[in-house]
Amino acid sequence: YLTEPSGDIQKYRAIAVGKGKQTAKTEIEKLKLSELTCREAVREIARIIYLAQDENKQKQFEFQMSWICDETEGKHQLVPNELITTAQRQARAILDGEEGGAMRDD
């Protein structure tokens, strides 16, 4: 969900806001979101966030994720730290060219 400054609320499967939103939106549109599990989506979104940050040349940023999915029984919760850590490591490796551009399971 996204709450606009006007107060309007929109439901999305994925949405990008902020400085890198155009880069992120382009990458999100390439994904087949209906075919991804939430855990797969976390890895892809981490890659997209790092890609958008890299293009904006911002050195430090705080990385947080939350989700609503079957795994959380439809409740909004923070993504488990171990999953975020793995996703961040894989995203940085992909952007550094270490994994040939494809996300993989550990």
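**View 1. A nonpolar patch on the surface of the predicted model.** Y1, I9 and I68 together make a nonpolar surface patch of about 370 Å². This is a predicted model, so please read every view here with that in mind. Y1 sits in the segment before β1, the strand of residues 2-3. Is Y1 buried or exposed? Y1 counts as exposed, because its relative accessibility is 64% and the cut-off for exposed is over 50%.

**View 2. The whole chain, as a map for the close-ups.** How many helices and strands does the chain have? Its secondary structure comes to three helices and four strands. Starting at the N terminus, you can follow the elements in the order β-β-α-α-β-β-α. The chain has 106 residues, and buried residues make up 30% of them. Keep this map at hand when you meet the helices and strands by name below.

**View 3. The largest pocket.** This pocket has a volume of about 1400 Å³. Its lining is made by 37 residues, and those closest to the centre are R13, A14, I15, I45 and S66. Which elements give two or more residues to this lining? They are α1 (21-30), α2 (38-56) and β3 (66-67). Helix α2 gives the most, with nine residues. Sorted by class, the lining of the largest pocket has 24 nonpolar, nine polar and four charged residues.

**View 4. The second largest pocket.** Here the space comes to about 190 Å³. The second largest pocket is lined by 13 residues, and nearest its centre you will find I15, A16, V17, K21 and K25. Which element provides the largest share of this lining? Helix α1 does, with five residues. By class, the lining of the second largest pocket holds seven nonpolar, two polar and four charged residues. If you look back at View 3, you will meet I15 again, among the residues closest to the centre of the largest pocket.

**View 5. A salt bridge between two helices.** The structure holds four salt bridges, and one of them joins the side chains of R47 and E27, with N and O 3.0 Å apart. Where do these partners lie? R47 is in helix α2 and E27 is in helix α1, so the pair links distant parts of the chain, 20 residues apart. Now look at how covered the partners are. R47 counts as buried, because its relative accessibility is 13% and buried means under 20%. E27 also counts as buried, at 12% relative accessibility.

**View 6. A salt bridge within helix α2, and the network around it.** R47 appears again here, in a salt bridge with E44, whose closest N and O atoms are 3.1 Å apart. Why are E44 and R47 separated by about one helical turn? The reason is that they are three residues apart in helix α2. E44 is buried, with a relative accessible area of 16%. Widen the view a little and a network of salt bridges comes into sight, linking E27, K30, E44 and R47.

**View 7. A salt bridge from a loop to a helix.** E71 and R39 form a salt bridge, and their closest N and O atoms are 2.7 Å apart. E71 lies in the loop between β3 and β4 (77-78), while R39 is in helix α2, so this salt bridge ties together parts that are 32 residues apart in sequence. Are E71 and R39 buried or exposed? Each falls in between: E71 is partly exposed, with a relative accessible area of 44%, and R39 counts as partly exposed at 34% relative accessibility.

**View 8. I94 in helix α3.** I94 is found in helix α3, which covers residues 81-95. With a relative accessible area of 10%, I94 is buried, because the cut-off for buried is under 20%. How far apart are I94 and Y50, in sequence and in space? They are 44 residues apart in sequence, and their C-alpha atoms are 9.8 Å apart in space.

Definitions and conventions:
Residues numbered from 1 in each chain as written. Predicted model: local features only at pLDDT ≥ 70, side-chain atom pairs only at ≥ 80, totals over all residues. Heavy atoms only, no water. Patch = residues over 30% accessible without salt bridge, like charges linked within 9 Å, V, L, I, M, F, W, Y side chains within 5 Å. Areas by Shrake-Rupley, 256 points an atom, 1.4 Å probe, with all protein chains shown as cover. Buried < 20%, exposed > 50% of the residue type's maximum accessible area, 1.4 Å probe, protein only. 1 Å grid on protein atoms, 1.4 Å probe; cavity = no way out; pocket = protein on both sides within 12 Å on 5 of 7 lines; lining within 4 Å. Points joined across faces, edges and corners; volume = space filled by probe spheres on them. Nonpolar A, V, L, I, M, F, W, Y, C, P; charged D, E, K, R; others polar.
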